Amino acid sequence: MTKSELIARLAELNPHLYQRDVERIVTTIFDEIAAALARGDRVELRGFGAFSVKKRDARQGRNPRTGAAVDVSEKAVPFFKTGKQLRERLNTSQ
Amino acid sequence: MTERTVTRAQLSEAVYQEVGLSRNESADLLELVLNEITDALARGEAVKISSFGSFSIRSKGQRIGRNPKTGEEVPILPRRVLVFRASQLLKNRINAGLAKAAVRGKKQT
């Protein structure tokens with residue numbers, strides 16, 4: 001399912017809403033999650049999962065082709081932990 | 001940087017502010033979005049949200065695990081796990097945020 005398929009599905013379930021409002025709803029939700037992560041905040045959606053940001057320290061990496069050492073600076077990576085209910089859903093409905 | 005936790009309340013408030021539906025309906029729609037994603041994943045479908053990231057399902061085979069407390073061998077049954085991959089855009093946005101926070105930290109000292 002892509003974002004546009006999700007929007008189409010929501011529009012079908014909510015015929016009283018304009019398609020562009022449905023689009024804004026979906027965009028707002030993901031944009032808000034992204035903004036929270038960019039602030040370094042956690043986003044916890046009980047039953048679904050939690051998004052957080054993990055820090056990776058600066059390290060010395062290697063160019064795999066040449067073997068030359070390169071400095072990799074500190075960075076942050078987003079992380080998603082699946083919620084309990086969702087994890088159970090994935091393993092019950094087959 | 002103090003880490004705060006954003007929950008459904010803040011997300012549905014944002015939908016309320018942005019779209020102008022009632023607070024109740026905003027909360028219902030947020031729930032519906034999460035449910036539709038959950039249903040797709042439960043069907044084994046991947047969910048791709050452009051400029052955000054993708055959720056996909058990976059099937060894991062059975063393996064032997066160990067109870068770390070007792071050392072006892074226990075079979076870990078085959079199961080399906082969810083993997084989230086952030087888009088490059090989201091990764092860049094988070095690292096831009098990190099750089100900004102670092103600059104703020106320096107100014108304070």
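In chain A of this predicted model, strands β3(A) and β4(A) make a hairpin, with six residues between the two strands. Gly67(A) sits in the turn of that hairpin and has a positive phi of about 80°. The two strands, residues 59-62 for β3 and residues 69-72 for β4, run antiparallel and pair over four bridges. Within this pairing, Gly61(A) is found opposite Val70(A) of β4(A). For readers tracing the side chains here, it helps to recall that in a regular strand they alternate between the two faces of the sheet.

Another strand of chain A, β5, contains Val77(A). Setting aside residues up to four places away in sequence, Val77(A) touches Ser52(A), Val53(A), Lys54(A) and Arg56(A). Arg24(A) offers a useful contrast in distance: Val77(A) and Arg24(A) are 53 residues apart along the chain, and their C-alpha atoms are separated by 26 Å.

The two chains meet in an interface to which chain A gives 49 residues and chain B gives 49 residues. The area buried between chain A and chain B comes to about 4,700 Å², and carbon and sulfur atoms account for 68% of that area. Polar contacts are present as well, with 17 residue pairs counted between chain A and chain B, both members being at pLDDT 80 or more. On the side of chain A that touches chain B, at least two residues come from each of α1 (3-13), α2 (19-38), β1 (42-45), β2 (49-56), β5 (75-82) and α3 (84-90). The largest share belongs to α2(A), which supplies 15 residues of this side of chain A. Sorted by class, the side of chain A that touches chain B holds 25 nonpolar, nine polar and 15 charged residues.

Strand pairing also crosses between the chains. β1(A) pairs with strand β1 of chain B, residues 5-6, in the parallel sense and over two bridges. One end of this pairing can be placed by residue, as Arg42(A) has Thr5(B) in β1(B) as its bridge partner.

Charged pairs are the next feature to follow. Side chains of opposite charge can pair when their charged atoms come close. Over all chains the structure holds twelve salt bridges, and four salt bridges are found across the interface of chain A and chain B. One of the pairs between the chains joins the side chains of Arg9(A) and Glu36(B), with an N to O distance of 2.9 Å. These residues belong to a wider arrangement, a network of salt bridges that links Arg9(A), Glu12(A) and Glu36(B).

A further salt bridge joins the side chains of Asp39(B) and Arg89(A), at 3.2 Å from N to O. This pair crosses between chains, with Asp39(B) in helix α2 of chain B, residues 23-42, and Arg89(A) in helix α3 of chain A. Asp39(B) has a relative accessible area of 27% and is therefore partly exposed. Arg89(A), at 32%, is partly exposed too.

Other salt bridges stay within one chain. In chain A, Arg39(A) forms a salt bridge with Asp41(A), and the closest N and O atoms are 3.0 Å apart. The partners sit in contrasting surroundings: Arg39(A) has 38% relative accessibility and counts as partly exposed, whereas Asp41(A), with a relative accessible area of 2%, is buried.

In chain B, the side chains of Arg23(B) and Glu13(B) meet in a salt bridge, at 3.0 Å from N to O. Arg23(B) lies in helix α2 of chain B and Glu13(B) in helix α1 of chain B, residues 8-19, so this salt bridge ties together parts that are ten residues apart in sequence. Relative accessibility is 49% for Arg23(B), which counts as partly exposed. Glu13(B), at 26%, likewise counts as partly exposed.

Helix α2 of chain B also carries Ser26(B). Ser26(B) is buried, because its relative accessible area is 0% and residues under 20% are classed as buried. Beyond its neighbours within four places in sequence, Ser26(B) is in contact with Ser12(B), Val15(B), Tyr16(B) and Leu21(B).

Note on methods:
Residues are numbered from 1 along each chain as its sequence is written. Chains are lettered from A and ligands numbered from 1 in the order in which they are written. This is a predicted model: local features need pLDDT of at least 70, side-chain atom pairs count only at pLDDT 80 or more; totals for chains, interfaces and linings use all residues. Side-chain values use heavy atoms; hydrogens and water are left out. Contact means heavy atoms within 4.5 Å. Buried area is the accessible area (1.4 Å probe) that two parts lose on being put together, summed over both. A polar contact is a pair of N or O atoms within 3.5 Å; within protein, one must be able to donate a hydrogen and the other to accept it, and residues adjacent in sequence count only if both atoms are side-chain atoms. Ala, Val, Leu, Ile, Met, Phe, Trp, Tyr, Cys and Pro count as nonpolar, Asp, Glu, Lys and Arg as charged, and the others, Gly among them, as polar. Two strands pair if DSSP finds at least two bridges between them. Buried means under 20% relative accessible area, exposed over 50%, partly exposed in between (1.4 Å probe, protein chains only).
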